[in-house]
Amino acid sequence: MTSSGDWTLHAVRLATLPVPGWECVFGKNDCAMREIAFWVWILRSGSQTGIIDAGLPDGGDLERLNCANQKLDPRSIFAVENTLEAALTHVGVAPRDIDFLLISQLITYSTGGLLRRNLPNAHVYCAWAGMRELLKRCPGHPPREFYLTAKTWAYMRELLVEDRITFADEPVEPAPGIVFDPTGGHHPGSAGVRIKTKNGLLGILETAFVQENIDREIPIGIAENAALCREVIRRYKKQCDFVVAGRDPLAGQLALQFVE
């Protein structure tokens, strides 16, 4: 049983992606392939339930994402392990019971499941800087088509009409013990999450791919702002009792070891 504001978490790996090593670690001339992972994090405290990220898109949207990855390396193809729906079923969470969704990045690999059937009641949080980047005439990487799918864009309009979306410019608290923190670094729209658990404060960073980024305080290789990426990593290490790189293939296990 958790006390008020203490959260448990369950991590389900949705997909992995092989990428050249230089994408993961700044300044490292590494062309060997490394695996990164994409997770849904399910958070619970008392009667409240939230999730971090909404999974990959499907169909043609996933194909286009794979084609974009393959322009960097032909071996970069997603290996999908679970859909968001399957992950929620696996841990016994009904879509109607999800109170909030925290989006670590507006790109489709984190927002593919942002649909009414998955999140009929959730309040959604994302970084306003990510939306601003999407709306610019010349956004950074990737191009606009990979920020939201047509279906998730349509649902975002419904969320706006229903007043169930927050575009955050600074840290906000969706629930006691949870902080959604627009960090920038990887992209302007990158966000971290700080979670109060019975064992201390856990940080999950989108702007760190592998645990080496955290341990050695080295930015990711494809950061739009490498200096900010490093600054965010150092800040989280000071603020939190443990910090997890959100794309590490072992991120779920590392987080659970700390929480349990």
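**From a strand pair to the cores**

Leucine 205 stands opposite alanine 245 in β12, and this pair of residues is a convenient place to begin reading the structure, which is a predicted model. The strand β11, residues 200–205, is joined to β12 by 4 bridges, and the two strands run parallel. In general, the strands of a sheet pair through backbone hydrogen bonds, either parallel or antiparallel.

Stepping back from this pair, one finds an open sheet formed by 5 strands in the order β8-β9-β10-β11-β12, with mixed pairing. At its edges are β8 (172–175) and β12, each of which pairs on one side only. If direction is ignored, neighbouring strands of this sheet are turned by 25° against each other on average. Helix α8 packs on the sheet, where it touches β9 (178–182), β10 (191–197), β11 and β12, and the direction of α8 makes about 165° with that of β11.

Leucine 205 also leads to the interior, since in soluble globular proteins nonpolar side chains tend to be buried together. The largest nonpolar core has 30 residues, and Ile36, Phe78 and Leu205 are those with the most contacts inside it. Two or more residues of this core come from each of the elements β1 (8–20), β2 (33–45), α2 (59–70), α8 (226–239) and β12 (242–245). Of these, α8 gives the most, with 5 residues. Apart from this core lies another, of 28 residues, which includes Val12, Ile42, Leu84 and Leu119.

Which residues surround phenylalanine 78, once its neighbours within four places in sequence are left aside? Phenylalanine 78 is then in contact with Ala15, Thr16, Leu17, Phe38, Leu56, Leu62, Leu65, Asn66, Asn69 and Tyr109.

A further stop is threonine 111, which has its place in helix α4, residues 108–111. Is threonine 111 buried or exposed? Its relative accessible area is 1%, and because buried means under 20%, threonine 111 counts as buried. The side chain of threonine 111 reaches the backbone oxygen of leucine 106 at 3.2 Å, while the backbone oxygen of isoleucine 107 lies 3.2 Å from a polar atom of that side chain. With neighbours within four places in sequence again left aside, the residues in contact with threonine 111 are Ala54, Gly55, Ile103, Gln105, Leu106, Tyr147, Leu148 and Thr152.

Notes
Residues numbered from 1 in each chain as written. Predicted model: local features only at pLDDT ≥ 70, side-chain atom pairs only at ≥ 80, totals over all residues. Heavy atoms only, no water. Core = buried A, V, L, I, M, F, W, Y, C linked by side-chain atoms within 4.5 Å. Buried < 20%, exposed > 50% of the residue type's maximum accessible area, 1.4 Å probe, protein only. Contact = heavy atoms within 4.5 Å. Polar contact = N/O pair within 3.5 Å; in protein donor to acceptor, adjacent residues only side chain to side chain. Pairing = 2+ DSSP bridges. Axes fitted to C-alpha atoms, helices over the stretch in contact; angles between N-to-C directions.
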